[in-house]
Amino acid sequence: MHLYHQSPAESHSFDANLARLHGVDEAIMINHLTYHIKAKIRMGEKEREGRVWYYQTRAEFAAWFGYWSEKQIKRIMRSLVKQKVIVEGNFNKSPIDKTIWYAFEN
């Protein structure tokens, strides 16, 4: 067995407590969003509506998470919204851009 350094796109993890509360897929996505939102905060990203937001298209999520389809990602995100973990927004400059932005509820 080879042990080697994996990039973030190749190594996914989750908090077991979050998995018990929200589901394994949801816990993986929470970890992903947490990582990227914290990075935006460190880089001085401005808040919108009192939150720091992260956006990624479903196709980009699917490329990052090779084991999930765009349909599965849509289900995971809807689950997190329904559970009041995240909120959705749209801050795109172009009205034809339908990319959904995500931020944590609290």
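User: What makes the 3 strands an open sheet, and in which order do they run?
Analyst: In this predicted model, the strand order is 1-3-2, with antiparallel pairing. Strand 1 (54-55) and strand 2 (86-89) are the edge strands. Each of them pairs on one side only.

User: How do you know that strand 1 and strand 3 pair?
Analyst: Pairing needs at least two bridges between two strands. Strand 1 and strand 3 have 2 bridges, so they qualify. Their sense is antiparallel. Tyrosine 55 has tryptophan 101, in strand 3, as its bridge partner.

User: Which helix lies across strand 1, strand 2 and strand 3?
Analyst: Helix 2 (residues 24-42) does. Its direction is at about 90° to strand 3.

User: Why is the pair of phenylalanine 61 and tyrosine 102 called edge-to-face?
Analyst: Two values decide it. The ring centres are 6.2 Å apart, and the cut-off for a pair is 6.5 Å. The planes stand at 65°, and edge-to-face means over 60 degrees. Both conditions hold, so the label fits.

User: What does this pair tie together?
Analyst: Phenylalanine 61 is in helix 3 (residues 58-64) and tyrosine 102 is in strand 3 (residues 101-104), so the pair links parts 41 residues apart in sequence. Both residues are buried.

User: Why is the pair of phenylalanine 65 and tyrosine 67 edge-to-face?
Analyst: The centres are 6.0 Å apart and the planes are at 70°, so this pair also meets the rule.

User: Are phenylalanine 65 and tyrosine 67 buried or exposed, and how do you know?
Analyst: Phenylalanine 65 has a relative accessible area of 1%. Buried means under 20%, so phenylalanine 65 is buried. Tyrosine 67 has 44%. That value lies between 20% and 50%, so tyrosine 67 is partly exposed.

User: How many aromatic pairs are there, and which residues form one cluster?
Analyst: The count is 7 aromatic pairs. Trp53, Tyr55, Phe91 and Trp101 form one aromatic cluster.

User: What makes the phi of glutamate 49 notable?
Analyst: Most residues other than glycine have a negative phi. The phi of glutamate 49 is near 55°, a positive value. Glutamate 49 sits in the loop between helix 2 and strand 1. Its relative accessible area is 63%, and exposed means over 50%, so glutamate 49 is exposed.

User: What is the phi of lysine 84, and why is lysine 84 called exposed?
Analyst: Phi is near 60°, again positive in a residue other than glycine. Lysine 84 lies in the loop between helix 4 (70-82) and strand 2. Its relative accessibility is 59%, over the 50% cut-off, so lysine 84 counts as exposed.

Definitions and conventions. Residues are numbered from 1 along each chain as its sequence is written. This is a predicted model: local features need pLDDT of at least 70, side-chain atom pairs count only at pLDDT 80 or more; totals for chains, interfaces and linings use all residues. Side-chain values use heavy atoms; hydrogens and water are left out. Rings of Phe, Tyr and Trp (its six-membered ring) pair if their centres lie within 6.5 Å; planes under 30 degrees apart count as stacked, over 60 as edge-to-face and the rest as tilted. Helices (H or I, at least four residues) and strands (E, at least two) are DSSP runs, numbered from the N terminus. Buried means under 20% relative accessible area, exposed over 50%, partly exposed in between (1.4 Å probe, protein chains only). Contact means heavy atoms within 4.5 Å. Axes are lines fitted to C-alpha atoms, for helices over the stretch in contact, and angles run from 0 to 180 degrees between N-to-C directions.
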